Amino acid sequence: MALEITSILLSAQSLDAKFRNEGEVNLRQFQEQNLPLFLFSLSVELANDDKPNESRRLAGILLKNSLDAKDATRKEHLVQQWMMIETSIKSQIKDLLLRTLGSSVQEARNTSAQVIAKVASIEIPRKQWPDLIGLLLNNMTQQDRPAALKQATLETLGYVCEGISNQDLVQDEVNSVLTAVVQGMTLVQHGPEVRLAATRALYNALDFAQTNFENEMERNYIMKVVCETALSKEAEIRQGAFECLVSIASTYYEVLEPYMQTLFQLTSNAVKGDEETVSLQAIEFWSSICDEEIERQEYNRLESGDSEPVHSHFIKKALPSLVPMLLETLLKQDEDQGQDDSIWNISMAGGTCLGLIARTVGDEIVPLVMPFVEANIVKPDWHCREAATYAFGSILEGPSVDILIPLVNAGLDFLLNAMRDENKHVKDTTGWTLSRVFELLHSPANGFSVISSENLHRIVAVLLESINDAPHVAEKVCGAIYYLAQGCEGARSSSSLLTPCLPGIISQLLKTAERTDGGDSKLRSSAYETLNEVIRSSNIVETSHIIAELLPVIMNKLGQTLNVQIVSSDDRENQGDLQASLCGVLQVIIQKLGSTDETKTIILQAADPIMILFLRVLACRNSTAHEEAMLAIGALAYASGSEFGKYMPELYKYLEMALQNFEEYQVCAITIGVLGDICRAMDDKILPYCDGIMSHLIRDLQSAELHRSVKPSIFSCFGDIALAIGEQFVKYIEPAITMMQSAAQICAQMNTSDEEFIDYGNQLKCSICEAYSGILQGFKNFKTEVMLPHAGHLLQFIELLFRESQRDESVTRAAVALMGDVADALGSNTKLLFRDNTFYVDFLGECLQSNDQQLKETANWTQGIIARIMVS
C-alpha cells in the first residue's frame, strides 16, 4: 500500500529553507530505505487528480530521475535498481502510469507519457513489457476515448520510439504504431492537439519504418500524409511535418526521387512565405539532402567497388531554382544577429545551406552566386551589403582553389575597406568572411595563398585597427588573425612572411584580452586562443626573442590573478577563466621554446617561478583553471626532463587530489594524461611515487562513480609507468593484468549497435594494447618471464580484435604494434604460441595491403620479428 507523501512533496518545495531541507531529507531517506514503495507512492500521487499540481509535478520529476540519468554509469545503476523490484509492484506502477494518461490535467498526462517511455526503454529491449504497444494502441482505436487521452497516447508512442532501438519492435507492432500515428494526423474529427502529437510521434517512429518505406504503396501513403500535413492551417503542425521530411531526407534518401518535385514546391513555398519556424525546417530539408550527398561523394571517393551508395544528385538538379531561393533568404536579417550566437534565423539558415550546397556541387555554384554578390555589395541598404558578403563567405569551401583565388584577389581590397563600413552587421560578416578566406585559401605549405608580401601589411593593419571595434566584430577579427597565422605555419620558405608583424599582433591581442566592454569573457578567450595560434605557428628561429619577451609578461598577468580579491561566485568564475587562458598561453610558450635545444634554456631558467605559479593556481581549486594548469605542467615536465623531479614533493598532493576527483572527471582524465608526460620525463626517478599513483589508478578503475571515459587513459598510464620504471613494475603486475583482462572481457561483450559505446570501446581497446606494449617493453631485457604466463591471453585478445567486422584503424595499429612487442620482448618463448595462432598471418597480410604508411611500417616490423622467432 502506498504511503501518503503529498505533504513531504510540498514541503520539499517550500520557500522556507528549514521546511524545504526537511522535505528533501525525508524524500531521500524514503528512496534509500524502500525504493519500490517510494516509486509506487510517487505513481499514486501522479495518478490522483485530487492532489495539488505542485506535488504531482515533483512526483513526476522524481520518477523520471529514478529511472534515467545523463551519466552512463549512473543510468546503468538506476536500470539495475528497477530490474530488481518485484514484478507485482512494477506492474502496479505501470498500471498507474497508463491510467494517468487519461488525467484531466495536461501536465500530469505529459509527465506520465515521459515516465512510461523511461520504463519502456528499460523493459522493451529485455522483452519485459510485451503488451505496452497494444495497450496504447487500444486508446487510439476505441471511438469513445477522449481527445486528451489520444493526444497523451500519441505523445507516449513518440517518446517510446525515441527511447528504444528500431530492433526492439516486431514488424506487426511497427505497422500498428504507424497506422495509429498516421490516422492521428489525418482523421478530420481529431483536433489540432491530437494531430500535432501524431505528427511528432511519426517523427520519432520514422526510424522503425524501413520495411514500410521499402514497400512502394505504403511509402506513397506515408509521404502523401506528411506532405498534406505540411499544408495544415496550424503553423506548429506544419513545422512538425517539415521536421519529418528532414528526417526522411537523411534516413530514406534512396527512395526520394519520385517525390522531389512536390518536395521542392512545398519547401520553396514555405521558405518564401511561411512563418519562420516552418521556413527554417524547409531550409533544413535541403541541408539534410546536402549532408547525405556530401557523405556519399566522400564514400565514393575513398571506396571503389560494386556497392556504391545511391547518389541521385538532387542538389545539382535543383541548383538553378534552389540557389536563388536561398539567396533571397540572406536579405531577411535580424537587427541583433551577429552579437548573440544563440540566434538562429532564416538568413543564417539560408547561408549555412548555401555553404553545404557549395561543398556538394563545387564550381557550379559560383556563377549562380557571384551576380547576386556583385549586384548587392555596393547598395546603400546595409541588408544588401551584408547579404552579398555573407553569400560570398558561404561559398568559399567546395569550389576549386583555381576558381576562387582570382575572385578573392579581385575582391580582397573591397573586403578590407568593408571593415570600415558604417554598419556593424556588415563589419561583423566581413570579419567572418576574411577568416574564411584565410582558413581556406591561405596555405603556402600546399602551394597556394591569397596572401603575398605586397598585401600582407595592409591586411594586418586593417585587422589590428578593426580589432578595436565592437566586441562581436573584434571576435571575428581574432578569428581572421588566427587563420592568417595558422596558414603561415609550414611555409616552404625558411622565413615566415608574418614574422615582422608579430610584435604588433601580439601587443594588440594582449590589449584586446584586457577589454572590459565584452559583457562576458568570450572576447578575452578568443584573443588568448588567437595568441596561442600566433605563437604555435611562428617560425622559432626568427621569433624566439619575441616569445622569450612574452614569457614574463604572461607570468606577471597570471601572478596578478592570484592576488585578486574574491567577493562573489562571479569573481571566482572570472578568476578561474582568466587563469585557464593564461595557463594555456604558458603551455604553448613552453612547448614552442622547448622544441629546440637552443631555446629550451629559456624555459629551464624560468622553470622554478613558472612551477610556483602553476602550484598556486592548483591551490585555487577551480576545475577549469586546474585542467589548463595540469596540461601546462605536462609541457614543463617534457621540457625539463629528469630535472622535473624536484617539483614532485609539492605537486604530488595535487596529483592525488585530482586522481580522486570523480565529480569533475575531466580534471581526473587530464591529470592521468599528464602523469604519462611526467613518467616519460622522469623515467625511474618517478619510482618513489609509484605505490601511491598505482593504488589510486587501480581504485579509479574499480570505482562505479568515476565516469567511464576516464578509464581508457588509466590503462595507457600503466604502460607509461612500466616504461619509466622497467623491471620495478613487477610489484604491480598482478593487479594491473587483472584489470586489463577484465577490460578485455568487457570489449568482447560490448554492444556494437550503440555509436557511443563503439567510440568508448575503440578507446578501451587501444589503451589496453598500449598498456601491454608499455609493460612488455619495460620488462624487455630484464624480467620477460613475468609476462610469459599472460602471452596466450594476449594473443587471444589480439585475435578478438582481428576478428571484429568493423575494426577502427586506431585499434588495428595498436593491435599490430602489440603483436610485435609480444614477439620482441618474449622472443623464442612465443614460437609455439605463434605456430598455434596462425591468424597473425592473415592479420599482417591485411595490414601490409593498407594505404596507411605508418600501419604498413609497423606490420613490416612485426612480420620481421615473428619471422626471426619462427626460424630460431
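In which helix is the place of R536? In this predicted model, R536 is found in helix α26, which comprises residues 522-537. With a relative accessible area of 36%, R536 is partly exposed, and when residues up to four places away in sequence are set aside, it touches Q486, E489, V588 and K592. The side chain of R536 is joined to that of E489 by a polar contact of 3.3 Å. The C-alpha atoms of R536 and I693, which are 157 residues apart along the chain, are separated by 32 Å. Helix α26 also contains N532, which has a relative accessible area of 16% and is therefore buried, the cut-off for that class being under 20%. Beyond its neighbours within four places in sequence, N532 is in contact with G584, V585 and V588; V588 is thus listed among the contacts of N532 and also among those of R536.

A further buried polar residue is N204, which belongs to helix α11 (residues 192-205) and has a relative accessibility of 18%. A polar atom of the N204 side chain lies 3.2 Å from the backbone oxygen of G158. Apart from residues up to four places away in sequence, N204 touches G158, Y159, C161 and E162, so that G158 appears both as a residue touched by N204 and as the one whose backbone oxygen faces a polar atom of the N204 side chain at the distance stated above.

The largest nonpolar core of the model has 296 residues, and those with the most contacts inside it are W286, I357, L651, I686, F718 and F729. For one of these, I357, the contacts outside its neighbours within four places in sequence are C290, I315, L319, L322, V323, L326, G362 and I365.

Helix α33 (690-702) has 13 residues and extends over 18 Å from its first C-alpha to its last, which is close to the 18 Å expected at 1.5 Å a residue. The buried residues of α33 are C690, I693, M694, H696, L697, I698, D700 and L701, and what covers them includes α31 (648-659), α32, α34 (711-725) and α35 (733-749). The loop between α32 (665-682) and α33 holds D683, a residue that is partly exposed at 41% relative accessibility and that has a positive phi of about 50 degrees although it is not a glycine.

A positive phi is also found at R621, where the value is about 60 degrees and the residue is likewise not a glycine. R621 lies in the loop between α29 (597-619) and α30 (623-640), and its relative accessible area of 59% places it among exposed residues. These values stand out because most residues other than glycine have a negative phi.

Another loop residue, K379, is located between α19 (366-376) and α20 (382-394) and is partly exposed, with a relative accessible area of 36%. Residues up to four places away in sequence aside, K379 touches C384 and R385. K379 and H442, which are 63 residues apart in sequence, are 29 Å apart in space, C-alpha to C-alpha.

Helix α41 (residues 853-870) has 18 residues and reaches 26 Å from its first C-alpha to its last, close to the 26 Å expected at 1.5 Å a residue. Its buried residues are L855, A859, T862, I865, I866 and I869. Viewed down the axis of α41, these buried residues fall within an arc of 130 degrees, and they therefore line one face of the helix. The elements that cover the buried residues of α41 include α38 (809-826), α39 (831-836) and α40 (839-848). The N-terminal end of α41 is capped by D852, a side-chain oxygen of which lies 3.0 Å from the backbone nitrogen of Q854.

With regard to annotation, UniProt lists residues 23-103 under "domain: Importin N-terminal", in an unreviewed entry. In the model, this span of residues 23-103 is 78% helix and 0% strand, and its end C-alpha atoms lie 26 Å apart.

Key:
Residues are numbered from 1 along each chain as its sequence is written. This is a predicted model: local features need pLDDT of at least 70, side-chain atom pairs count only at pLDDT 80 or more; totals for chains, interfaces and linings use all residues. Side-chain values use heavy atoms; hydrogens and water are left out. A nonpolar core is a set of buried Ala, Val, Leu, Ile, Met, Phe, Trp, Tyr and Cys residues joined through side-chain atoms within 4.5 Å. Buried means under 20% relative accessible area, exposed over 50%, partly exposed in between (1.4 Å probe, protein chains only). Contact means heavy atoms within 4.5 Å. Helices (H or I, at least four residues) and strands (E, at least two) are DSSP runs, numbered from the N terminus. A polar contact is a pair of N or O atoms within 3.5 Å; within protein, one must be able to donate a hydrogen and the other to accept it, and residues adjacent in sequence count only if both atoms are side-chain atoms. The expected span of a helix is 1.5 Å times one less than its number of residues. The arc is that of the directions from the helix axis to the C-beta atoms. UniProt positions are given in the numbering used here, feature names are shortened, and annotations may be inferred rather than shown by experiment.
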